Amino acid sequence: MPRPNYISAESYTMSLMLRDLDRLTGCTFDVLVVGGGIYGLTIAYDAAQRGLSVALVERNDFGSGSTFNHLRTIHGGLRYLQSLDIARARESIRERRTTARIAPQAVRPLPFAVPLYRSLTRGKMAMRAGFLLDRLIAMDRNRDVLASHCLPGGRVVSRGDATQRFPGLKRQGLTGAAVFYDYVTTEPDRLTFSFAMAAAEHGAVLANHVEAVAPLLDGQRVVGVTARDALGTRTIEIAARLTVNATGGRVDGLLKPLGITSGIPMLKAMNLVTRRDAGDEALGGRSPSGRNLFLVPWRGRALFGTWESDRRCDPDDTTAPERDVAAFIAELNQAFPALDLTLADVTLVHRGVVPAVVQGGRVGLQGHEQVRDHAAEGFAGVISVAGTKFTTARGVAERVTDAVMVKLQQTPVPCRTSTTPLPGGSLRDIGQAIADARREFDEGLPTDTIPHLIAAYGSRYRDVMDIAAARPDLRTRIAPDSPVIGAELVLAARREMAPTLADSVIRRTPLGALGHPGDAALTTAAAIVGGELGWSEERRREEIAAVDRVYGTLNASKT
Ligand SMILES: Cc1cc2nc3c(=O)[nH]c(=O)nc-3n(C[C@H](O)[C@H](O)[C@H](O)COP(=O)(O)OP(=O)(O)OC[C@H]3O[C@@H](n4cnc5c(N)ncnc54)[C@H](O)[C@@H]3O)c2cc1C
């Protein structure tokens, strides 16, 4: 008998995520998570999997904050070795491997090349020593990982090799290049959403477009929140024994009515999605100010990151002013001399707010998650969590959930999120899965759709095909340069809690991932989603205008 091309995950209840605010009221949850970014979602999933009753509210859509804006790399923290921060590097290596194990469809190995110039601390010798150390501490980096996902160790290549591979490199003083491997996630928003599905499938009650406006108090104890339905007029009270404030940059917003702050400063970070073609390798460069910058190939385009502001920012200000974008482009052109990037190349500006550290008047990225139990400021029943990396969110959630179990005086239950495949994550041969799906379903589909469906939905791609089978009109592309087909939008609206057009076209599917998908594509998408959700003509127009506004504020031009 042929072996099935999947491992038996624990049996999930079939995913049907309905937005039902009544389920948030009328009971007291063990844990209420405020914020549906990667940190809130991983905490909700872990707590639900350990048997706690869990609710989560997100003021916009799941994964629409900083989580939407990351550089798509799941990295093993090689740079932490420079400061000999072995613990942090180990955590990154462990979580990188965990992602490849629980969601192999969502990541693939990506080589990174960084040019080396004559230098004691950043030259060939230093890199060789770094790679030696990395091989030691990352010896288990491929344990239980699919053969296709095993990462080779880093190595130093010669000057000749470096110039041949990257003709645009600045040659003066060039001695070679460091080549190492990390993962890139091609469908990062589906990866984020799979944590939401996993939480829901373990019984958590999640709702997007619900904003927590103020904590509910019983004396000095926080006993939940008052929340507002952002898509309606309703205000509800959600009761919980413990509230986890995972609101990212807005961490102090929820605490304000209590008259306390987390004391966590924030800075802005930014990536640029461009219309430039990219090869198969990521390339590193160094700006004149000493910033490490990367060109990451993503969906065939060059993505550049990451720029950080040199001062604290207002956490509510997630704008990307043209002067900041222009300054970043200037830095990129210096770091990658043959690049000649202009504003016209930019199709989307990723930007978010991330925790900072202030030392001697200088502002830099915070390296470690910040967890605050506000009992210390006189308010029991609420903790705040501000994470620093997408890569390590699951591991942080494990530690936070351990602490939550203690606070709630629960019998300890071991964490299983590092060994349980995420929904769709049980494939054990991605190439075979693509080949099998092609054999069964390829006919009439755009050629690039099957690989996209496998990366986005993993073993659950049949959910899309079931819808497409019943409606052949949903087997065609929505936009000429995107593999997304109509059936995915129907699935999003019907079963994946995507009540707005923006949810469907920006996060449940990557139709708008590289920039505005174009007016014709949005009209088609609004007709499909609107047909499913019963929208009037006027509502469709409003939804399209709302998507346009998203790109408008992102300084993006149409692709
Ligand atoms: C430009 C950039 C590049 C990055 N690159 C990488 C990378 O390559 N690799 C990596 O590992 N990490 C990277 N990161 C870091 C990573 O993206 C973040 O650490 C992570 O996404 C933070 O997740 P979060 O859940 O804490 O915050 P968020 O994603 O911001 O989530 C917080 C959520 O809370 C919601 N919220 C706020 N207030 C309320 C309220 N009152 N009620 C309900 N909901 C509320 C928000 O809408 C938001 O969705 C990058 C970050 C940025 C900005």
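**A walk from strand β10 outwards**

Start by selecting β10 and strand β18 (residues 382–386): these two run parallel and are joined by 3 bridges. Strands here are DSSP runs of E of at least two residues and helices are runs of H or I of at least four, numbered from the N terminus; two strands pair if DSSP finds at least two bridges between them. Next, pick Val244, whose bridge partner in β18 is Ile383.

Before going on, two notes on the model. It is predicted, so local features need pLDDT of at least 70 and side-chain atom pairs count only at pLDDT 80 or more, while totals for chains, interfaces and linings use all residues. Residue numbers start from 1 along each chain as its sequence is written.

**Around β10**

Add strand β1 (residues 28–34), which runs parallel to strand β10 (residues 235–245) and is joined to it by 6 bridges. Here Val33 stands opposite Val244, the residue you have already picked as the partner of Ile383.

Now show strand β9 (residues 221–229), which is antiparallel to β10 and linked to it by 5 bridges. Look for Val225 and its bridge partner in β10, Ile238. Follow the chain from β9 into β10 and you pass through a hairpin of 5 residues.

On to β8: 7 bridges tie it to β9 in an antiparallel pairing, with Ala214 opposite Thr226 in β9. The hairpin of β8 and β9 has 2 residues between the strands, and Gly219 takes a positive phi near 65° there.

**The ligand shell**

Which residues are closest to the ligand? Select Gly35, Gly37, Gly65, Gly248 and Gly352, the closest of the 42 residues that surround the ligand. A residue counts as near a molecule or strand if its C-beta atom, placed from the backbone, lies within 6 Å of it.

Colour the shell by class and you should find 12 nonpolar, 25 polar and 5 charged residues. In this scheme Ala, Val, Leu, Ile, Met, Phe, Trp, Tyr, Cys and Pro are nonpolar, Asp, Glu, Lys and Arg are charged, and the others, Gly among them, are polar. Elements supplying at least two shell residues each include α1 (38–49), β8 (210–218) and β15 (346–359).

**Domains**

Colour by domain next: domain 1 (21–67 + 189–264 + 368–407), domain 2 (98–184 + 266–364) and domain 3 (430–553). These bounds come from an automatic or database domain assignment. Domain 1 and domain 2 each give at least three residues to the ligand shell.

Taken over C-alpha atoms, the centres of domain 2 and domain 3 are 30 Å apart. Between them, 10 residues of domain 2 are in contact with 9 residues of domain 3, where contact means C-beta atoms, placed from the backbone, within 7 Å. The domain 2 side has 4 nonpolar, 4 polar and 2 charged residues.

**A helix pair**

Select helix α13 (residues 501–508) and helix α14 (residues 519–533): their axes come within 9 Å and cross at roughly 115°. The axes are lines fitted to C-alpha atoms over the stretch in contact, with angles from 0 to 180 degrees between N-to-C directions. Leu501, Ser504 and Val505 of α13 meet Ala525, Ala526 and Val529 of α14, giving 5 nonpolar, 1 polar and no charged residues.

**Two backbone stops**

Zoom in on Gly305 and Thr306, joined by a cis peptide bond with omega about -5°; Thr306 is placed in strand β14. Finish at Arg72, in the loop between β2 and β3 (73–74), which has a positive phi of about 65° although it is not a glycine.

Methods: Contact = placed C-beta atoms within 7 Å.
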